[in-house]
Structure formats: structure tokens, C-alpha cells
Amino acid sequence: MSRVVIVVIDGFGIGAMPDADTQRPGDAAADTLGHLLDRHRAATGRRLPLPTLEALGLGLAHPHPDLPREPSLPVAAGRAALGYPGADTYAGHQTMMGADCSGVTVARLAEHLDEVAVALRANGHGTDRLDGRPLLVVDRRILVHDNLEADPGVNWNVSGCLADVSFADVLRIAQVVRSVAPVARVIAVGGHADAPLPAYVREGALGTVGLDTPASGFYRNGGLAVQHLGAPLDRGRRLPELVAGAGVPVTLVGKAAEVLACDAAVRRPAVGTTDVFALTLDALRRAPGTALIVSNVQETDLAGHQQDALRYAAVLRRTDTGLSTLLPLLSSPGDRLIVTGDHGNDPVIGHACHTREYVPVLIHRPEAVRPDRLPTARTLADVGATAAVALGLGATALGSGAPLLRPAAGSAGVPT
């Protein structure tokens, strides 16, 4: 009987992957965690205190002068390569749950602009170019554009100001775009902007053009509405569906409730880090002997997009406190707290996009007698496979990934 909690710290990278500079040469120097620690010490004269993450083995996964090397808890700690192209929350979560996203297409909207416009007009919408640039203004109010917050060409956005349109209108247009889009994700976004949206349109990397969503005020002004429309994937061999199919309760918290599809799951969306951990703790307290909870801490990623290292550090401290509330409830043999990330988002690298970095994999194992260092996982799918084995599923149950740990001795797992 095992309860497994996966906490995804969004945008929490621990050093550039070998191909990080393929699209942006400067990203070879990306190190979200290392730069956060350095910037905090430079600003305050003190190291950033992260006692729970340190106890879970963060310093083992990412050696740094401000992190102790030896974990104080019975953990297995290491790092994972992403296992999908680019650096993206949606693809990261799908990969982590066992989907194979290695073949997702990376494409700028400019390469498919005519095709998208034709589809929108066929569905009764008017389309115009904005000042001749490769993005569309639909029905004079809604923008279809490249996502400037992920690697170029990974995602497209459909954005509308909720003072002018309903989110249902934004979503309807996004669904038409999704029907012809080759990219991993089309994101419908509604919010409240400081000025008309065209004022925040800018050029991104590698010929992309889009709305600068952080600059627009969408993240600051409240009322943000988001829905992620992902590329078609085989959901039958992903962790949430398999666990739910075995009769085990599944809860998705925070942004995980938006990006992971599982009809049987309880969804608890939230953005604030304190709220995310309160909902996670509540789900854990309500959980029977076996359960899966997947939670996403989004504010780290938002701070990275805002290029605000000190805000990121403050959110990471709140995350550390939140993790400390979960550990006492995960004390039985076979229970697992797995802390990881989905990509990097280095706030001092010089741009507001995600960075292609390794992410930590910190696995708390109450029954273990000593900490262990894990080899580098080739893909985030190995995290999902590790959770699957802890829950009694077969080592090859997921569509992709290999478990990093064996199940605890005597763990009964889920019914089969």
C-alpha cells in the first residue's frame, strides 16, 4: 500500500543539457538553481536556506558551495534529461506521465499562417495580419501567435483580453487552431491587460512573433484563464489513467490539473504556491492506503519568465516549506515523495523563455537505510515509471520510461 506524491517545481533546472544551445547559443550557460543561489548570496550576503530540499538531496543532484552534499533523509537523488524536444511544461508533464513526446514538431506560426487562417475563415471567423507581421488578429479582438515563453516553435498561443471577449470565445478559436496545428500545444489564454494587446506584441527568437504575456499584465492583474490543448497522445499508457483504471484515486493539483488529462482524476487547480501545497496536503490527508497525487508549483516558472531571480528564490523558499508539511504524512514503507522539474527557466540568462536543462529527481523512501545517488535518467518518463512501480504497476506499464528504483520490499501495491 503506497501513497505517491509527485511535486513538479515548474522551471526548476539544474544545468544546461548538451544540446541547450541549439536554438540559443547563450543557453549553454543556463543553470537555474546555481544562478538563483549565486544571485541570492550576492543580494543578501547569505546563502538561500532550503532545509527540506537540502535534506531531500538537492546538493547531491546539483553540487554547489551553498548546498550540503549529503542528504539527511533516506532519499535517492540525481537528475533527469528531459526526453522531449525543446523545453515545455506540457511536453514535460506528458513525458513524465509516460507519453512519448520525442517526435513532437517544432514549428513557427509563420510557417503555417495561411493554413491556420483558412481553417479559421472556414469556421466563420475573420482574420487579419497585424501590421503585416506573421500573427493573426481574429475577429479584431483575439491574437493567434507564437508562444514567446517556451523554446521557439514549441507552442502557439491564442490570447484575448477578458474585458473585450469571453474566455469561451478564446477557447473556440484555440480549438480551431488546434485542429491544424503541428506543435505540441495550443494554449488558450484570457486575462486582463494594462493596454490593448497589440501594444505588447514583439519579436522573439528565431523569427517568432507573439504577445509578451508577462509584460501585458495578464499574470499580475488577476482573473487569468488558461486551457492547454495538447497534441493527440496515447493516453492509455500514461500514469494517471493506468492508476485510476486500477481503482486508485488520482488527484491533480495546480497547473497539473490543467495540462494532464484524466477523466477519473480529482482536479484542484491553483496558482499560488501556498494554495498548491494546502490542496496537496488536503488530498494526502484524505487519501486511502494507496493514492497518486501530482502537483505543480507554477510560481517558480512565472518568476523565471519575469526574469526576477529574487522572486524566484522567495517562491522556492515557500516551496521548501510546503514540502516539509508533506513528509510527516509519507512515512510508511513504500510511500514516495518525488520532487522534480519539467524544464529550466533561468531568470538571469538574458531572456524570458524556458531553458533546456536537466532537472533534479529527489525521491524520499521511508524504508531505506541510507541515501543513494541515482544515475542520470535519460528521460522524465523514468520518473513516471518509478512512481508506477511504487504503486504496484509493472515496470513496463507506461508507454515510455524505465523505473529508477525497485519497489519497497513487502509493498502490496495497487490491485490488479
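## Exercises on a predicted model

At 15% relative accessibility, Leu405 counts as buried, and the exercises below start from this residue in what is a predicted model.

**Exercise 1. Place Leu405 in the chain, and determine which residues Leu405 touches beyond four places in sequence.**

Solution. Begin with the position along the chain: Leu405 lies in the segment that comes after helix 13 (381–390). Next, apply the cut-off for burial, which is a relative accessible area under 20%; because Leu405 has 15%, it is classed as buried. Then list the contacts, leaving out residues up to four places away in sequence: Leu405 touches Ala76, Arg336, Ile363, Arg365, Leu374, Thr386 and Val389. Finally, take one of these partners, Arg365, which is 40 residues from Leu405 in sequence while the two C-alpha atoms are 9.9 Å apart.

**Exercise 2. Decide how many residues of helix 13 are buried, and find what those buried residues pack against.**

Solution. The count comes to 10 of 10 residues buried, so that helix 13 is mostly covered. Among the buried residues are Asp382, Gly384 and Thr386, alongside Val383 and Val389. Turning to their surroundings, the buried residues of helix 13 pack against three strands and two helices named here in turn: strand 1 (3–9), strand 14 (336–340), strand 15 (359–364), helix 4 (89–96) and helix 8 (239–245). To finish, look just past the helix, where Gly392 follows with a positive phi, near 90 degrees.

**Exercise 3. Is His364 buried or exposed, and which residues does His364 touch beyond four places in sequence?**

Solution. His364 is found in strand 15, and at 7% relative accessibility it counts as buried. Leaving out residues up to four places away in sequence, His364 touches Leu56, Leu73, Pro74, Val75, Leu327, Leu330, Asp335, Arg336 and Leu337. For Leu56, the separation in sequence is 308 residues, whereas the C-alpha to C-alpha distance is 6.7 Å.

**Exercise 4. Compare how helix 12 is oriented against helix 1 and against helix 10.**

Solution. Take helix 1 (residues 32–44) to begin with: its axis and that of helix 12 (residues 309–326) come within 9 Å and cross at roughly 105 degrees. An angle from 65 to 115 degrees counts as roughly perpendicular, and helix 1 and helix 12 are therefore roughly perpendicular to each other. On the helix 1 side the contact is made by Thr32, Leu33, Leu36, Arg39, His40 and Ala43, which meet Ala309, Leu310, Tyr312, Ala313 and Leu316 in helix 12. Sorted by class, the residues of this contact are 8 nonpolar, 2 polar and 1 charged.

Now take helix 10 (residues 273–286), whose axis comes within 9 Å of that of helix 12 and crosses it at roughly 10 degrees. An angle under 35 degrees counts as roughly parallel, and this is therefore the description that applies to helix 10 and helix 12. Here Thr273, Thr274, Phe277, Thr280, Leu281 and Leu284 in helix 10 meet Val315, Arg318, Thr319, Gly322, Leu323, Thr325 and Leu326 in helix 12. By class, the contact of helix 10 with helix 12 holds 6 nonpolar, 6 polar and 1 charged residues.

**Exercise 5. Which members of the largest nonpolar core touch the most other members, and which helix gives the most to this core?**

Solution. The largest nonpolar core has 88 residues, and those that touch the most other members are Ile6, Leu239 and Leu337. Helix 12 gives the most to this core, with 7 residues. A second, separate core of 25 residues includes Ala107, Leu109, Leu113 and Leu136. To see the surroundings of one residue named above, consider Leu239, which touches Ile6, Met97, Leu292, Gly384, Ala387, Ala388, Leu393 and Leu398 when residues up to four places away in sequence are not counted.

**Exercise 6. Work out why Cys101 has no disulfide partner.**

Solution. A disulfide requires two cysteine sulfur atoms within 2.5 Å. The closest cysteine sulfur to that of Cys101 belongs to Cys262 and is 16 Å away, which is too far for a bond. By this rule the count of disulfides comes to 0. As for accessibility, Cys101 is buried, with a relative accessible area of 2%, and Cys161 is also buried, with 11%.

**Exercise 7. Where do Asp131 and Leu206 lie, and how accessible are Asp131 and Leu206?**

Solution. Asp131 sits in the loop between strand 3 (127–130) and strand 4 (133–138), has a positive phi near 55 degrees although it is not glycine, and is exposed, with a relative accessible area of 66%. Leu206 sits in the loop between strand 8 (201–203) and strand 9 (209–211), likewise has a positive phi near 55 degrees, and counts as partly exposed at 48% relative accessibility.

Terms used
Residues are numbered from 1 along each chain as its sequence is written. This is a predicted model: local features need pLDDT of at least 70, side-chain atom pairs count only at pLDDT 80 or more; totals for chains, interfaces and linings use all residues. Side-chain values use heavy atoms; hydrogens and water are left out. Axes are lines fitted to C-alpha atoms, for helices over the stretch in contact, and angles run from 0 to 180 degrees between N-to-C directions. Helices (H or I, at least four residues) and strands (E, at least two) are DSSP runs, numbered from the N terminus. Angles under 35 degrees count as roughly parallel, over 145 as roughly antiparallel, 65 to 115 as roughly perpendicular and the rest as oblique. Contact means heavy atoms within 4.5 Å. Ala, Val, Leu, Ile, Met, Phe, Trp, Tyr, Cys and Pro count as nonpolar, Asp, Glu, Lys and Arg as charged, and the others, Gly among them, as polar. Buried means under 20% relative accessible area, exposed over 50%, partly exposed in between (1.4 Å probe, protein chains only). A nonpolar core is a set of buried Ala, Val, Leu, Ile, Met, Phe, Trp, Tyr and Cys residues joined through side-chain atoms within 4.5 Å.
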